[in-house]
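Me: Please take a close look at the disulfides in this model, and then go on to one pocket. I would like one connected account.

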Amino acid sequence: MLHNADNHLESAQSLCPFKMLTGFPCPGCGITKSLVYFYAGDIGKSLHYHVFGPFVILFAVTTILVLSAELITGKEYLDNWLYNKKLAYALGIALAAYHLIRLVLFVIEHSWDDILRQSVWK
C-alpha cells in the first residue's frame, strides 16, 4: 500500500462493513489512507482522508516511548492522562462531531445514486 504509483488508494473501494452495507462512511473510514499518505509525507492528503490520522501516529509513538520509559525506570508516567475519563469523553465528542460534519458533507457532495453505488446494494 505504501507504493501508490498508480493512485489505487484514490479509487479503491473501502473494505469497511458499515460503508459496504449503508454506502455511508463510518467514523474510522479513511484512517488507513490517512496513515499511508502521512508516511508518504503528504500531510494535506492525510488530513483530507481523516483529520485524526496524524494524531493516531503521534499517540502510538508517544505510547511506545512512555511505556518503554516505564519499563526501564519502573515508574509510571502519564497515568493521569491515559486513564482520564474527561479526556476520553472529550475525544469521543470530538470524533462524533467530526463524523457528523463528514456525513453532512458526504451527503451534500454525493447523490443518493452515488451513495447506493458505494454499498453492496448496487
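Reply: By the rule that a disulfide is a pair of cysteine sulfur atoms within 2.5 Å, the count comes to zero disulfides. C26 takes part in none, since the nearest cysteine sulfur, that of C16, lies 3.5 Å away. The sulfur of C29 also has its closest cysteine sulfur in C16, and at 3.5 Å this is too far for a bond. C26 counts as buried, at 17% relative accessibility, and C29 is likewise buried, with a relative accessible area of 9%; buried here means under 20% relative accessible area with a 1.4 Å probe, protein chains only. The model is predicted, so local features need pLDDT of at least 70 and side-chain atom pairs pLDDT 80 or more, while totals for chains, interfaces and linings use all residues. Residues are numbered from 1 along each chain, and side-chain values use heavy atoms, without hydrogens or water.

Turning to the pocket, the second largest one has a volume of about 530 Å³. Its lining holds 17 residues, of which F55, F59, L82, L87 and L91 are the closest to the centre. A pocket is an open set of 1 Å grid points where a 1.4 Å probe fits, with protein on both sides within 12 Å along at least five of seven lines, and lining residues have an atom within 4 Å of a point. The helices α5 (53–73), α6 (79–82) and α7 (85–109) each supply at least two residues of this lining, and α5 gives the most, with seven; helices are DSSP runs (H or I) of at least four residues. By residue class, the lining of the second largest pocket divides into 13 nonpolar, four polar and no charged residues.

Note on methods:
Points joined across faces, edges and corners; volume = space filled by probe spheres on them. Nonpolar A, V, L, I, M, F, W, Y, C, P; charged D, E, K, R; others polar. Buried < 20%, exposed > 50% of the residue type's maximum accessible area, 1.4 Å probe, protein only.
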